[in-house]
Amino acid sequence: FINRVCPGRHFASASLWLAMATLLSVFDISIPTDEKGYPITTHLEYENGPRSHPKPFQCKFTVRNDIGGALFGS
């Protein structure tokens, strides 16, 4: 048997890195707040199984500047 690897693995890795870098450069990611401006604290829960990962949770994305807003059309 021959070990096969994905020929596009480097392209996929670079694309994922570029997407994450773009999101982090354009948005501030923070804890959500209630109507009075107080942070909403949530308990982080994880899925059980062979590959444990966090369950969905709330967060707040805020555009850092006008250029980022124009880039994403907000």
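## Accessibility and overall form

A residue is called buried when its relative accessible area is under 20%, exposed when that area is over 50%, and partly exposed in between; on this scale Phe61, at 46% relative accessibility, counts as partly exposed. The model discussed here is a predicted one, and the same scale places 7% of the 74 residues of the protein chain in the buried class.

The secondary structure of the protein chain comes to 2 helices and 2 strands, which follow one another along the sequence in the pattern α-β-β-α. The radius of gyration of the chain is 18 Å, whereas a compact globule of 74 residues would have a value near 11 Å. Taken along the principal axes, the box filled by the C-alpha atoms is roughly 65 × 40 × 15 Å.

The protein chain exposes about 7,100 Å², and carbon and sulfur atoms supply 61% of that area. Among the contacts in the chain with a separation of 6 or more, 58% are accounted for by residues that stand 24 or more positions apart.

## The aromatic pair between the strands

The structure holds 1 aromatic pair. The ring centres of Phe27 and Phe61 are 5.8 Å apart and the ring planes stand at 85°, and because planes over 60 degrees apart count as edge-to-face, the pair is assigned to that class. Phe27 belongs to strand E1 and Phe61 to strand E2, so the pair ties together parts that are 34 residues apart in sequence.

The two partners differ in their accessibility class: Phe27 is buried, with a relative accessible area of 14%, while Phe61 is partly exposed at 46%. Phe61 also takes part in a nonpolar patch on the surface, which it forms with Leu24 and Ile29, and the accessible area of these residues together is about 300 Å².

## A salt bridge from strand E1 to the loop after E2

The count of salt bridges comes to 2. In one of them the side chains of Arg64 and Asp28 meet, with an N to O distance of 3.3 Å. Arg64 lies in the loop between E2 and helix H2 (66–72) and Asp28 in strand E1, so this pair ties together parts that are 36 residues apart in sequence.

Arg64 counts as partly exposed at 47% relative accessibility, and Asp28 likewise counts as partly exposed, at 35%.

## A salt bridge within the loop between E1 and E2

Glu45 is found in the loop between strand E1 (27–30) and strand E2 (60–63), and the side chain of Glu45 meets that of Lys55 in a salt bridge with an N to O distance of 3.8 Å. Lys55 is also in the loop between E1 and E2, with the two positions 10 residues apart in the numbering. The C-alpha atoms of Glu45 and Lys55 are separated by 5.7 Å.

When the neighbours of Glu45 within four places in sequence are left aside, Glu45 is in contact with Pro54 as well as with Lys55. Glu45 has a relative accessible area of 40% and is therefore partly exposed, and Lys55, with a relative accessible area of 32%, is partly exposed too.

Technical notes
Residues numbered from 1 in each chain as written. Predicted model: local features only at pLDDT ≥ 70, side-chain atom pairs only at ≥ 80, totals over all residues. Heavy atoms only, no water. Helix = DSSP H or I, 4+ residues; strand = E, 2+ residues; numbered from the N terminus. Contact = heavy atoms within 4.5 Å. Patch = residues over 30% accessible without salt bridge, like charges linked within 9 Å, V, L, I, M, F, W, Y side chains within 5 Å. Areas by Shrake-Rupley, 256 points an atom, 1.4 Å probe, with all protein chains shown as cover. Salt bridge = Lys/Arg side-chain N within 4 Å of Asp/Glu carboxyl O. Buried < 20%, exposed > 50% of the residue type's maximum accessible area, 1.4 Å probe, protein only. Phe/Tyr/Trp six-rings, centres within 6.5 Å; stacked < 30°, edge-to-face > 60°. Rg over C-alpha atoms; globule rule 2.2 N^0.38 Å.
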